[in-house]
Amino acid sequence: MQSVRTPFRSLAIMAIIAAAMWAKADAEKFTSCCTAVFDEEVTDPIIGFRLQRRNNQCVNAVILTTDKNKDFCCPVKSLWVGRKIQEFLNNLGRRRPSTASTP
């Protein structure tokens with residue numbers, strides 16, 4: 001009887017560990033933030049950006065999201081970050097359909 005209990009006990013322990021890992025992964029999605037910024041220029045095209053304010057362990061940062069779906073924590077006052085955002089906004093304006101009609 002004890003040989004049958006051991007596999008079930010191992011299975012139960014594995015299930016508990018897996019559930020804890022999934023819960024931690026879900027919690028990290030909601031609490032993760034930039035704790036440092038890196039001034040190396042992002043060369044990939046960006047598809048979005050957001051501003052992060054300093055809070056607890058988080059630092060002031062601009063988070064650039066690239067077309068490869070990666071986020072980069074960048075310094076707020078860096079010139080290249082401003083240029084990258086301006087380039088993104090200009091490209092965004094070009095993609096919008098024109099509201100003017102042609103006769």
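**Exercise 1. Disulfide connectivity**

Determine which pattern the disulfides of the protein follow, with bonded cysteines counted along the chain.

*Solution.* The model is predicted, and the assignment rests on sulfur positions.

Step 1. Apply the cut-off: a pair of cysteine sulfur atoms within 2.5 Å is a disulfide. The count under this rule is two.

Step 2. Identify the pairs. Cys-33 is bonded to Cys-58, with the sulfur atoms 2.0 Å apart. Cys-34 is bonded to Cys-73, with an S to S distance of 1.9 Å.

Step 3. Number the bonded cysteines along the chain and read off the pairing: the pattern is 1-3, 2-4.

**Exercise 2. Geometry and placement of the two links**

State the handedness of the link of Cys-33 and Cys-58 and of the link of Cys-34 and Cys-73, and locate the partners in each pair.

*Solution.* Step 1. For Cys-33 and Cys-58, the angle about the S-S bond is -95°, and the link is left-handed. This pair links distant parts of the chain, 25 residues apart: Cys-33 belongs to the loop between helix 1 (2-31) and strand 1, and Cys-58 to the loop between strand 1 and strand 2.

Step 2. For Cys-34 and Cys-73, the angle is -80°, and this link is left-handed. The pair again links distant parts of the chain, with Cys-34 in the loop between helix 1 and strand 1, and Cys-73 in strand 3 (residues 71-74), 39 residues apart.

Step 3. Consider accessibility. Cys-33 is partly exposed at a relative accessible area of 23%, whereas Cys-58 is buried at 12%. Cys-34 is buried, with 3% relative accessibility.

**Exercise 3. An unpaired cysteine**

Explain why Cys-74 has no bond to the closest cysteine sulfur.

*Solution.* Step 1. The closest cysteine sulfur to that of Cys-74 is in Cys-73, at 7.2 Å.

Step 2. A disulfide requires sulfur atoms within 2.5 Å; the sulfur of Cys-74 is therefore too far away for a bond.

Step 3. Cys-74 is buried, at 1% relative accessibility, and is one of the nine residues of the largest nonpolar core.

**Exercise 4. The largest nonpolar core**

Find which helix gives the most residues to the largest nonpolar core.

*Solution.* Step 1. List the members: Val-42, Ile-46, Val-62, Leu-64, Cys-74, Trp-80, Val-81, Ile-85 and Phe-88.

Step 2. Assign the contributors. Strand 2 (61-66) and helix 2 (79-95) each provide at least two residues. Helix 2 contributes the most, namely four.

Step 3. Examine one member. Beyond its neighbours within four places in sequence, Ile-85 contacts Ile-46, Phe-49, Val-62 and Leu-64.

Step 4. Place the result in context: in soluble globular proteins, nonpolar side chains tend to be buried together.

**Exercise 5. The aromatic pair**

Classify the aromatic pair of Phe-49 and Phe-88 by its ring geometry.

*Solution.* Step 1. The structure contains one aromatic pair. Phe-49 and Phe-88 lie 5.9 Å apart centre to centre, with 85° between the planes.

Step 2. Planes over 60 degrees apart count as edge-to-face, so the pair is edge-to-face.

Step 3. Phe-49 is in strand 1 and Phe-88 in helix 2, so the pair ties together parts 39 residues apart in sequence. Phe-49 is partly exposed at 36% relative accessibility, while Phe-88 is buried at 10%.

**Exercise 6. The surroundings of Gln-52**

Establish which backbone nitrogen the side chain of Gln-52 reaches.

*Solution.* Step 1. Gln-52 lies in strand 1 (residues 46-52) and is buried, with a relative accessible area of 11%.

Step 2. The side chain of Gln-52 reaches the backbone nitrogen of Cys-34 at 3.0 Å.

Step 3. Setting aside neighbours within four places in sequence, the contacts of Gln-52 include Cys-33, Cys-34 and Cys-58.

Methods
Residues are numbered from 1 along each chain as its sequence is written. This is a predicted model: local features need pLDDT of at least 70, side-chain atom pairs count only at pLDDT 80 or more; totals for chains, interfaces and linings use all residues. Side-chain values use heavy atoms; hydrogens and water are left out. A nonpolar core is a set of buried Ala, Val, Leu, Ile, Met, Phe, Trp, Tyr and Cys residues joined through side-chain atoms within 4.5 Å. Buried means under 20% relative accessible area, exposed over 50%, partly exposed in between (1.4 Å probe, protein chains only). Contact means heavy atoms within 4.5 Å. A polar contact is a pair of N or O atoms within 3.5 Å; within protein, one must be able to donate a hydrogen and the other to accept it, and residues adjacent in sequence count only if both atoms are side-chain atoms. Rings of Phe, Tyr and Trp (its six-membered ring) pair if their centres lie within 6.5 Å; planes under 30 degrees apart count as stacked, over 60 as edge-to-face and the rest as tilted.
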